[in-house]
Amino acid sequence: MAHANEKEKDTRTEEEKAIDAWLPITSDRNAKWWYSTFHNVTAMVGAGVLSLPYAMSEMGWGPGVTVMLLSWAITFYTIWQMVEMHEMVHGKRFDRYHELGQHAFGEKLGLWIVVPQQIVVDVSSCIIYMVTGGKSLKKFHETVCPDCQPIKLTYFIIIFSSVHFVLSHLPNFNSISLVSLAAAVMSLTYSIVAWAASVGRGIEGREVSYELRCEKTSDNIFMFLSALGDVAFAYAGHNVVLEIQATIPSTPEKPSKGPMWKGVWVAYLIVAVCYLPVAFIGYWAFGNVVEDNILLSLEKPTWVIAAANLFVVVHVIGSYQVFAMPVFDMIETYAVKSMRLKPSTLLRFGVRTTFVALTLFVGLTIPFFGGLMGFFGGFALAPTSYYLPCIIWLIIVKPKRFGFSWFINWFCIIVGILLTVLSPIGGMWTLIKQAKNYRFYQ
C-alpha cells in the first residue's frame with residue numbers, strides 16, 4: 001500500500017518503488033484540486049446525459065423527476081464517503097477501489113467483490129463511449145452533408161477508435177489532464193446546446209404527448225426498468241474516484257481529501273447544471289417521441305447541432321481515457337507483480353493497444369446505444385456508485401445502529417440493490433428489441 005505522505009517512513013523495497021513509479025495510478029502525485037473537478041466531470045457527464053430525456057419519456061414526469069433528484073443526492077453522498085475513506089487509516093492511502101475493498105472485506109474477498117465490478121464498469125463504459133463517438137460522428141456527417149452518400153456506422157466507430165490507439169499510450173492520469181479538461185468543457189457546452197435547442201423546439205408550439213411510449217403495460221414496465229439503468233449509468237462515475245484522488249499530494253497537515261472534496265463540489269454542481277435541464281427540458285420539448293440520444297432528435301439550427309455532435313466526440317474521447325486508465329493500471333500491475341514481467345514501453349504498448357482493439361470489436365458487434373446503457377447501468381455501475389461505498393462505510397466507520405447515518409446508508413443500499421436487480425431486466429429487453437430492428441448496413 002502506498003504511504004500517505006513523504007514524511008512517513010517508507011518500507012517499500014527499491015523494486016516496489018520503481019514499480020509504483022511506473023504504474024499509471026501511483027506514478028504522479030502532483031495534481032491540483034481542479035484536476036479533480038474536470039476528471040470527475042469527464043467521468044460522469046458522458047454518454048449518460050444524452051439519454052436522460054429518453055429515460056424521462058420511459059418513466060413519466062413524476063417518477064422521472066424523483067429518480068433524477070434522488071440519484072443525484074445518493075451519489076453525491078457516496079462520493080463524499082469515498083473521498084473521506086481514501087486516507088481513513090493512518091499512514092495509508094487507498095489509491096485504488098479494490099484496495100479499499102480489501103481493507104473492508106479482507107485481502108482475497110475484497111478483490112473478488114470489487115475487481116470484477118470495477119472491470120465490468122470500466123470496460124462497458126469504454127465500449128459505450130466507442131459507440132457514442134461513432135454515432136455522433138455519423139450524425140455530424142449527415143448534418144453537414146445531407147446529400148452525401150450514407151456511410152455505415154461501423155466505419156465511424158472505427159474512425160473514432162483511431163484516436164484511442166494513440167492517446168491510450170499516455171502514461172497516467174496527469175498526462176491526460178488536457179484531454180480531460182477539453183472533455184469537461186465540451187460536456188458543459190453540448191449540454192447547454194442540447195437543452196437550449198430543445199427550448200427552441202418546445203416554444204414552436206408543436207403538439208407533444210407525455211403518455212408512456214408503449215400501449216402494452218408489460219412493454220412500459222420493461223422500459224421503466226431500462227430507464228432506471230440509464231439514470232444509474234449517467235450518475236455512476238465513482239469507479240475512478242480513488243484513482244483520481246491518488247494523484248493529489250497529501251501531508252498530515254494538508255490531506256488530499258481537502259482539495260479533492262473542493263473539486264468534487266464543483267464537479268457535482270456542473271453535473272446538476274448539465275443533467276437536470278437536459279433531462280427535463282428535452283422531455284418537455286419532445287415528449288414520448290424523443291430519441292435515446294437527444295442530439296439525434298434535434299435538427300435545427302443545423303450548424304449548432306453539427307457543432308454539438310463534435311463536442312460530444314471530444315468529450316467521449318476524454319471519458320474513454322479516464323475509464324480506461326484504471327484498467328490499464330490493473331493489467332499492468334498484474335503483469336509486473338504477479339507475472340513478474342519487466343516494466344517496459346513494449347509491455348505498456350501491447351496491453352493498451354489490445355484493450356482498445358477489444359473494445360472496438362465489441363462496439364462494432366453490439367452498437368446499440370440505449371440497450372447498452374440500460375443493461376450496464378444497473379448491472380455494473382449501480383453497485384460501485386450507489387451502495388458499495390455505503391457497505392464499506394458501515395464496516396469501517398461503524399455508525400451507531402439505528403442512528404441517522406445508519407438509516408441513510410441502508411436506504412442507499414436498498415435503492416442501489418433494487419437498481420442492480422431490476423434495471424438489467426429492462427436493459428436486456430431494450431437490447432434485444434434494438435438488435436431485432438438494427439440493420440448492420442446502416
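Me: When H6 passes H7, is the crossing left-handed or right-handed?

Reply: H6 passes H7 in a right-handed crossing (the near helix is turned clockwise from the far one by less than a right angle; anticlockwise would be left-handed). Helices here are DSSP runs of H or I, at least four residues, numbered from the N terminus. Bear in mind that this is a predicted model, where local features need pLDDT of at least 70, side-chain atom pairs count only at pLDDT 80 or more, and totals for chains, interfaces and linings use all residues. Residues are numbered from 1 along each chain as its sequence is written, and side-chain values use heavy atoms, leaving out hydrogens and water.

Me: At what angle do H6 and H7 pack?

Reply: Two packed helices are described by the angle and the distance between their axes. H6 and H7 (residues 153–167) pack at about 115 degrees, axes 8 Å apart (lines fitted to C-alpha atoms over the stretch in contact, angles from 0 to 180 degrees between N-to-C directions). That makes H6 roughly perpendicular to H7 (65 to 115 degrees; under 35 is roughly parallel, over 145 roughly antiparallel, the rest oblique).

Me: And how do H6 and H13 cross?

Reply: The axes of H6 (residues 107–144) and H13 (residues 302–338) come within 8 Å and cross at roughly 160 degrees, so the pair is roughly antiparallel. This crossing is left-handed.

Me: How many salt bridges are there?

Reply: Nine (a side-chain nitrogen of Lys or Arg within 4 Å of a carboxyl oxygen of Asp or Glu). One joins lysine 337 and aspartate 20, at 4.0 Å, N to O. Lysine 337 sits in H13 and aspartate 20 in H1 (residues 14–22), 317 residues apart.

Methods: Helices (H or I, at least four residues) and strands (E, at least two) are DSSP runs, numbered from the N terminus.
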